[in-house]
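Please explain how this chain is built, going from its overall make-up to the packing of its helices and then to single residues. A formal account in plain paragraphs, suitable for a first-year student, would be welcome.

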Amino acid sequence: MSAVSDARTPLKGRSLRPVPKLIFGSRWLQLPLYVGLIVAQAVYVLLFLKELWHLVVHSFDASEQQIMLVVLGLIDVVMISNLLIMVIVGGYETFVSRLNLAGHPDEPEWLGHVNASVLKIKLAMAIIGISSIHLLRTFIEAGALSSGKGNYTETGVMWQTIIHCVFILSAIGIAIVDKLSNDSIEGAKQQVGH
């Protein structure tokens, strides 16, 4: 058996040497980070409930624009919460340990094919979605710029738009690099097969 195929054989009966065991075991240091993100998720649930309560209580005396801004805020909280779930579940599955959810009725559809590359693209898309909601809220509130009563300045709106465009360009760049990487891996596999 070659050294390469021997390195890929399962470790059923043998254990790792001390240094590789320490390095491989260090992945568990990420566990408190994921638990912390679960706590942050709980805080976002409380924030959502608080904002929803304000929406219901003030629904009769608020303008349509105020209601729209609160609803956009609720959507923003949900999207950030979705981002947290992707990072918690996908990151734990990719970098720490398997969750063994195969066959579970609530297994996320995307979890079966998640890896670091897929996770990066999903996170980039979620960040663009969150940025889009923030930018939409800014544009709605920017109507008060001329009166001087708004929360934003023209420069602030411009910078938010530029940053959003940079997020989009970054996501496109990540997708292109990922596609090129996958194409080169497929090309290498085809070369080995011939």
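Helix 4 and helix 5 are roughly antiparallel to each other, and this pair offers a convenient way into the structure, which is a predicted model. The angle at which helix 4 and helix 5 pack is about 170 degrees, and their axes are 10 Å apart. Angles over 145 degrees count as roughly antiparallel, so helix 4 and helix 5 receive that description. Their crossing is left-handed.

The pair belongs to a chain with 6 helices and 0 strands. Read from the N terminus, the order of elements is α-α-α-α-α-α. The chain has 194 residues, of which buried residues make up 22%.

It is useful to recall how such packing is expressed. Two packed helices are described by the angle between their axes and by the distance between those axes. With these two quantities, the neighbouring pairs can be treated in turn.

Helix 3 covers residues 31–57 and helix 4 covers residues 64–96. These two pack at an angle of about 165 degrees, and 10 Å separates their axes. Helix 3 and helix 4 are therefore roughly antiparallel to each other. Helix 3 passes helix 4 in a left-handed crossing.

Helix 5, which comprises residues 116–141, also packs with helix 6. The axes of helix 5 and helix 6 come within 10 Å and cross at roughly 160 degrees. Helix 5 and helix 6 are therefore roughly antiparallel to each other, and their crossing is left-handed.

Single residues can now be placed in this framework. Ala126 is located in helix 5. With a relative accessibility of 11%, Ala126 counts as buried, because the term applies to values under 20%. Ala126 and Asn82 are 44 residues apart in sequence, yet 8.0 Å separates their C-alpha atoms in space.

Charged side chains come next. How many salt bridges does the structure hold? The structure holds 1 salt bridge. Glu93 forms a salt bridge with Arg98, and the closest N and O atoms are 3.1 Å apart. Are these two partners buried or exposed? Glu93 counts as buried, at 11% relative accessibility, whereas Arg98 is exposed, with a relative accessible area of 55%.

Glu93 can also be related to a residue of a loop. Gly112 is found in the loop between helix 4 and helix 5. The relative accessible area of Gly112 is 66%, so Gly112 is exposed; the cut-off for this term is over 50%. Gly112 and Glu93 are 19 residues apart along the chain, and their C-alpha atoms are separated by 9.8 Å.

The last topic is the surface. Which residues make the nonpolar surface patch? Ile127, Met158, Trp159, Ile162, Ile163, Val166 and Phe167 make this patch, which has an area of about 610 Å². Helix 6, formed by residues 154–193, gives the most to the nonpolar patch, with 6 residues. One member of the patch is Phe167, which lies in helix 6. Phe167 has a relative accessible area of 32% and is therefore partly exposed, because this term covers the range between the cut-offs of 20% and 50%.

In review, the packing of helix 3 with helix 4, of helix 4 with helix 5 and of helix 5 with helix 6 is roughly antiparallel. Within this arrangement, Ala126 of helix 5 counts as buried, while Gly112 in the loop between helix 4 and helix 5 is exposed.

Definitions and conventions. Residues numbered from 1 in each chain as written. Predicted model: local features only at pLDDT ≥ 70, side-chain atom pairs only at ≥ 80, totals over all residues. Heavy atoms only, no water. Patch = residues over 30% accessible without salt bridge, like charges linked within 9 Å, V, L, I, M, F, W, Y side chains within 5 Å. Areas by Shrake-Rupley, 256 points an atom, 1.4 Å probe, with all protein chains shown as cover. Salt bridge = Lys/Arg side-chain N within 4 Å of Asp/Glu carboxyl O. Helix = DSSP H or I, 4+ residues; strand = E, 2+ residues; numbered from the N terminus. Buried < 20%, exposed > 50% of the residue type's maximum accessible area, 1.4 Å probe, protein only. Axes fitted to C-alpha atoms, helices over the stretch in contact; angles between N-to-C directions. Parallel < 35°, antiparallel > 145°, perpendicular 65-115°, else oblique. Left-handed = near helix turned anticlockwise from the far one by under 90°.
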